[in-house]
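Welcome! Here is a short tour for anyone meeting this structure for the first time.

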Amino acid sequence: MNVSLPAGWFGSLRLLPLIFLALSLATGLRLALLTPIGQVADEPAHIARAGALLHGQWLGRRVPFKPVGKAAVIVPATRINFGLLNASIGEMNATCTAPASIASTARQPWTKAKIIDIDFNTTQYFPALYLPGTLGIAAGRALGERPLPALFTGRVGMLLAYVLVGTLAIAIARFGRAVLFATLSFPEALSLGASFNQDGMLIALSALAGALLTLDPVRHRRWRWWFLPVMTLIILSKPPYGLLLFAVLAPLALPHRWLRLALTALWAIPPLIWVAIMTRISLMPYLLGPYHPGPLWPGPAGAMFSTTDPAAAARVFLADPARLLTLPVGFLLANFGFLLKSGIGMLGWLTIGLAPPAYLGWEIAILCAALGVLASPRMAGLRWSWGDAALILALVSLSVLAVEIAVYLSWDKVGSAMIYGPQGRYYLLFLPFLMLIIPRLGGRIGAIAAPLSALPAVVMAAIDVWYIPGLLLRRFCLG
């Protein structure tokens, strides 16, 4: 097998991977070390998953739990060092008006005792993407760090993995490097990459998957098939993205189409096995307390629920199959502005917004990056065709519907009139695939325009080296 990098490394924008490496580390290290632990979306739950790996707990379990003054219930949980759990939530309330007791949290020692951490979400995620953080925590502990400093070391481990995968993606892409650079450099993506939230690694892996698909399927056939294990890693944690696996079938003009389809489908088996295991040992509906179903509920009027209920929620679609389209599209239209801003950057728990010029700058950057694909040489990597573009657009569109319907079934109350829950970061995984549907016109203007298309994103990323850390310093009164 030829393991040399594809020729795209030496082509246009060849310095962009190194620029990304430098700027993402400069901003990412500040994000990892300045953001209080737990002040990234869902981070304590992800820390529990990473922390459980320290003592070999790869799978969550259903365990009995008795809240004070209430009846015992069965919940999905992992077991984590008691000191690490306390450190993971000790800074969650850090604000200028209500500062956390940082000194007390920093003094928290490691304990022999382990405690269950209840989470209905992260216990289902495949553990591989937490390993950089777990190794970071282990390294910190081996160096004598207490739990809180070890968590910051774990964040650095997650960041290094994010940056390395992102740099590789930009380096091997034959076109669309500016799109990958912008996607990976969005403040939201970089903040997730510098935390224990595995969404950062999922975004980086999607960039790598998209980059692999840009390679010439004849000259770099073996390289290109690495797309399948990369995409499988994503699907193991987020099954609704599963249809994107079949993007590797482009170009459709290649021979042995049915054989390639069958071989691709085999890679869906590991995620299906993982879902079956999780359904058996830990998957559970969310506990919500008693409620009446929403207006779309087609069942008895007097019905009561106390949890999410995917089977009951599915009756909403069975009663009117058109809702499989109208509910997701309605959500997108009603929440487009929020999704755009939260995809670019709404840090913390969606509580730290950027200044309007920052959003505008990044919007211009991603638009210019897309135009750069349009200006790219026609013969660079995967050749564009209407059929391949239609295939990938269909897969992305169906995957968007799948993600939103999955949220409706697993997160929202039964019978809800709208979908609630999806955030902008969920859609960042689609950008590396969307760039594949843009035709490449090339020509003399393209030789100049394609490299310049990355300039707005590079400028925004350079500004963020100072702007984003300053935003956090002011938000948490750290300077």
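Which residues are buried in α5? They are G133, T134, G136, I137 and G140. Please keep in mind that this is a predicted model. The notes below begin with that helix and then turn to aromatic rings.

**Helix α5**
- The buried residues of α5 cover an arc of only 160° around the axis, so they sit on the same side of the helix.
- Among the elements that cover these buried residues are α2 (43-52), α3 (82-89) and α6 (147-172).
- Turned away from the buried side is a face of α5 that carries the exposed residues L135 and A142.
- With 12 residues at 1.5 Å a residue, α5 should span 16 Å, and this agrees with its end C-alpha atoms, which are 16 Å apart.
- Just after α5 comes G144, with a positive phi of about 95°.

**Aromatic pairs**
- The structure holds 12 aromatic pairs.
- One of them joins F126 and W274 edge-to-face, at 5.0 Å centre to centre and with 85° between the planes.
- F126 belongs to the loop between β3 (114-118) and α5 (131-142), while W274 is in helix α13 (residues 269-281), so the pair ties together parts that are 148 residues apart in sequence.
- F126 is partly exposed, at 22% relative accessibility, whereas W274 is buried, with a relative accessible area of 8%.
- F120, Y286 and W411 form one aromatic cluster.

**Charges over rings**
- R141 lies over the face of W110, 4.3 Å from the ring centre.
- K413 lies over the face of Y291, at 5.3 Å from the ring centre.

Notes: Residues are numbered from 1 along each chain as its sequence is written. This is a predicted model: local features need pLDDT of at least 70, side-chain atom pairs count only at pLDDT 80 or more; totals for chains, interfaces and linings use all residues. Side-chain values use heavy atoms; hydrogens and water are left out. Rings of Phe, Tyr and Trp (its six-membered ring) pair if their centres lie within 6.5 Å; planes under 30 degrees apart count as stacked, over 60 as edge-to-face and the rest as tilted. Helices (H or I, at least four residues) and strands (E, at least two) are DSSP runs, numbered from the N terminus. Buried means under 20% relative accessible area, exposed over 50%, partly exposed in between (1.4 Å probe, protein chains only). A charge sits over a ring if NZ of Lys or CZ of Arg is within 6 Å of the ring centre and within 35 degrees of the ring normal. The expected span of a helix is 1.5 Å times one less than its number of residues. The arc is that of the directions from the helix axis to the C-beta atoms. Contact means heavy atoms within 4.5 Å.
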